[in-house]
Amino acid sequence: ASCDNPLYDISTNVATYCNAYASRQDVGTTYMSLGESCFENMNGNFNVTFVVEDGYVEITPVAITIKADNKTKVYDNNPSTDPVLTATVTDVPTNGVAPVYSLERESGQEIGTYNITVIAEEDANPNYTITTEDGTFSIVAPDASNVTVTGHCDTVSYDGMSHVVEG
């Protein structure tokens, strides 16, 4: 509070009748409801006009990032062995609510790379401005196995005949 007349002492000449305050936890603006009716001039030696600008508290969204973690599995053509999809969330305030999001990956069980997508709806996360980063899901070939092939053998004494071995 201030006054343009140095002779007028606000601390002793103004009575206040409002306990104006604004309180807010989530994104948005809350006003104090401060108005002229909250104040009264107690010194008749001055003509006072109260010019009141309402106070407020404004909370703006904070920027966070949700990055899908890369995942890998060995080929087995079995979707039930897929690892659980996870993400790393950064820059959420210590007392902030957890952001709402889900993770989806491209379908497929063949060897290759599949996209993991972060889905974060703006309406479900009003306290945040969210940047998402996709991850990759890789299905890799199993380690090579040694395959030993042993042909059939036949040993006979010479008899002048032709002998055949198969398989």
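Me: In this predicted model, Asn-77 sits in the loop between S6 and strand S7 (87-90). Why is Asn-77 called partly exposed?

Reply: Good place to start! Asn-77 has a relative accessible area of 45%. Buried would need a value under 20%, and exposed a value over 50%. The 45% of Asn-77 lies in between, so the label is partly exposed.

Me: What makes the phi of Asn-77 worth a remark?

Reply: Phi is near 55° there, a positive value in a residue other than glycine. Ser-33 gets a similar remark, with phi near 65°.

Me: Where is Ser-33, and how do you know whether it is buried or exposed?

Reply: Ser-33 is in the loop between S2 and S3. Its relative accessibility is 61%, and the cut-off for exposed is over 50%. Ser-33 therefore counts as exposed.

Me: How about Thr-12: what makes it buried or exposed?

Reply: Thr-12 belongs to helix H1 (residues 10-13). With 55% relative accessibility against a cut-off of over 50%, Thr-12 is exposed. The C-alpha atom of Thr-12 is 8.0 Å from that of Met-42, although the two residues are 30 places apart along the chain.

Me: Now the cysteines. How do you know that Cys-18 and Cys-38 form a disulfide?

Reply: Look at their sulfur atoms, which are 1.9 Å apart. The rule asks for sulfur atoms within 2.5 Å, so this pair qualifies. By this rule the count comes to one disulfide.

Me: Which parts of the chain does the pair link?

Reply: Distant ones: Cys-18 lies in the loop between strand S1 (14-16) and strand S2 (28-31), and Cys-38 lies in the loop between S2 and strand S3 (39-41). They are 20 residues apart.

Me: How do you know that Cys-3 is in no disulfide?

Reply: The nearest cysteine sulfur belongs to Cys-38 and is 18 Å away. That does not meet the requirement of within 2.5 Å, so Cys-3 stays unpaired.

Me: What is the handedness of the Cys-18 and Cys-38 link?

Reply: The link is left-handed, with -85° about the S-S bond.

Me: Which of these cysteines are buried, and which are exposed or partly exposed?

Reply: Let us go one by one. Cys-38 has 2% relative accessibility, which is under 20%, so it is buried. Cys-18 is at 35%, which makes it partly exposed. Cys-3 is also at 35% and partly exposed. Cys-153 is at 72%, which is over 50%, so it is exposed.

Me: What makes a group of residues a nonpolar core here?

Reply: The residues must be buried, come from a set of nonpolar types, and be joined through side-chain atoms within 4.5 Å. The largest such core has ten residues: Ile-64, Ile-66, Ala-68, Ala-87, Tyr-114, Ile-116, Val-118, Tyr-128, Phe-137 and Ile-139. Strand S5 (62-68), strand S9 (112-119) and strand S11 (135-140) each give two or more residues to this core. In soluble globular proteins, nonpolar side chains tend to be buried together.

Me: Which residues does Ala-68 touch?

Reply: Leaving out residues up to four places away in sequence, its contacts include Ala-87, Ile-116 and Val-118, as well as Thr-86 and Leu-103.

Me: How do you know that S9 and S11 are paired?

Reply: Pairing needs at least two bridges. S9 and S11 share five bridges and run antiparallel, so they pass the rule. In one of these bridges, Thr-113 has Ser-138 of S11 as its partner.

Me: What is the sense of the pairing between strand S6 (residues 71-74) and S11?

Reply: That pairing is parallel, over four bridges. Here Thr-72 stands opposite Ser-138 in S11.

Me: How many helices and strands are there in the chain?

Reply: The chain has one helix and eleven strands.

Me: Why is the chain called more spread out than a compact globule?

Reply: Its radius of gyration is 38 Å, whereas the globule rule gives 15 Å for 167 residues. Since 38 Å is well over 15 Å, the chain is more spread out than a compact globule. The C-alpha trace spans about 145 × 25 × 20 Å along its principal axes, and 17% of the 167 residues count as buried.

Conventions
Residues numbered from 1 in each chain as written. Predicted model: local features only at pLDDT ≥ 70, side-chain atom pairs only at ≥ 80, totals over all residues. Heavy atoms only, no water. Buried < 20%, exposed > 50% of the residue type's maximum accessible area, 1.4 Å probe, protein only. Contact = heavy atoms within 4.5 Å. Rg over C-alpha atoms; globule rule 2.2 N^0.38 Å.
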